[in-house]
Amino acid sequence: MTTDAIPVRLDLDTHAAIFSKAMNQLDHAATRELDRVDFDARLRELVRLRASQLNGCVYCVNMHSRDAVAVGESTQRLFALPVWRESPFFTARERAALAFTESVTRASETHVPAADYDDVAAHFTPDEIGALLSLIVTINAWNALGVASRAWEPESEAAVL
């Protein structure tokens, strides 16, 4: 199968090296918060993947799909993620996290309504919400960088087999 190469627009590691390093530090800080509250690894990847789907970041969709499988997520749930609201495969806790993810990712449209916050607060502690919000903000920043710069090319399936 032949694929079309999508050219890199801007190599951020070269042309914004200080910022790129800071983004990596932000990512590590968010991960430490998630680890501190023992946030489920599968849900982490679902959140990253859903935000990346909404933002249209092909690199992150590819990476977090693979990462989700690596931490034990089922392909059935990955395939159903874009239609999670209509799917029976997600728990109430996961649904609250996904709704909050969508609301925060689309903050300019949603303004994160109280109902979305209240729902996530019914299923997560304040520390868990803080970690979740850190994750959502971080993945949205990565998505913005990836979509705007196309700095990273997704690995092909053959590259990891």
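**Exercise 1. Where is the place of V8 relative to α1, and what surrounds V8?**

Solution. The model studied here is a predicted one, and the steps below should be read with that in mind. Begin with the position along the chain: V8 lies in the segment before α1, the helix that covers residues 12-15. Next, consider accessibility: the relative accessible area of V8 is 36%, and because values between 20% and 50% fall in the middle class, V8 is partly exposed. Then look at the neighbours, leaving aside residues up to four places away in sequence: V8 touches S149, R150, A151 and E153. Finally, compare with a residue on another part of the chain: Q76 is 68 residues apart from V8 along the chain, and the C-alpha atoms of the two are separated by 32 Å.

**Exercise 2. Determine how α2 and α9 are oriented towards each other, and which residues make their contact.**

Solution. The first step is the geometry: α2 and helix α9, which spans residues 126-149, pack at an angle of about 155 degrees, and their axes are 9 Å apart. The second step is to classify this angle: since angles over 145 degrees count as roughly antiparallel, α2 is roughly antiparallel to α9. The third step concerns handedness, and here the crossing of the two helices is left-handed. The fourth step is to list the residues in contact: α2 contributes F19, M23, N24, L26, D27, A30, E33, L34 and R36, while α9 contributes D127, A131, L132, S134, L135, T138, A141, W142 and L145. Sorted by class, this contact of α2 with α9 holds 11 nonpolar, 3 polar and 4 charged residues.

**Exercise 3. Carry out the analysis for α3 and α4.**

Solution. Start again from the geometry: helix α3 (residues 41-55) and helix α4 (residues 58-70) pack at an angle of about 160 degrees, with 9 Å between their axes. This angle makes α3 roughly antiparallel to α4. In passing α4, α3 forms a left-handed crossing. On the side of α3 the contact is made by E45, R48, L49, S52 and Q53, and on the side of α4 by C60, V61, H64, S65, D67 and A68. Counting by class gives 4 nonpolar, 4 polar and 3 charged residues for the contact of α3 with α4.

**Exercise 4. Is S87 buried or exposed, and which residues does S87 touch?**

Solution. First locate the residue: S87 sits in the loop between α5 (75-80) and α6 (92-105). The relative accessibility of S87 is 6%, and because buried means under 20%, S87 counts as buried. Now examine the side chain, one polar atom of which lies 3.1 Å from the backbone nitrogen of F89. Beyond residues up to four places away in sequence, S87 touches A80 and R95.

**Exercise 5. Describe phi and the surroundings of D38 and V112.**

Solution. As background, most residues other than glycine have a negative phi. D38, although not a glycine, has a positive phi of about 55 degrees, and V112 has a positive phi near 45 degrees. Consider next where they lie: D38 is in the loop between α2 (17-36) and α3, whereas V112 is in the loop between α7 (107-110) and α8 (114-123). The last step is accessibility: D38, at 67% relative accessibility, counts as exposed, while V112, at 28%, counts as partly exposed.

Conventions:
Residues are numbered from 1 along each chain as its sequence is written. This is a predicted model: local features need pLDDT of at least 70, side-chain atom pairs count only at pLDDT 80 or more; totals for chains, interfaces and linings use all residues. Side-chain values use heavy atoms; hydrogens and water are left out. Axes are lines fitted to C-alpha atoms, for helices over the stretch in contact, and angles run from 0 to 180 degrees between N-to-C directions. Helices (H or I, at least four residues) and strands (E, at least two) are DSSP runs, numbered from the N terminus. Angles under 35 degrees count as roughly parallel, over 145 as roughly antiparallel, 65 to 115 as roughly perpendicular and the rest as oblique. A crossing is left-handed if the near helix is turned anticlockwise from the far one by less than a right angle, and right-handed if clockwise. Contact means heavy atoms within 4.5 Å. Ala, Val, Leu, Ile, Met, Phe, Trp, Tyr, Cys and Pro count as nonpolar, Asp, Glu, Lys and Arg as charged, and the others, Gly among them, as polar. Buried means under 20% relative accessible area, exposed over 50%, partly exposed in between (1.4 Å probe, protein chains only). A polar contact is a pair of N or O atoms within 3.5 Å; within protein, one must be able to donate a hydrogen and the other to accept it, and residues adjacent in sequence count only if both atoms are side-chain atoms.
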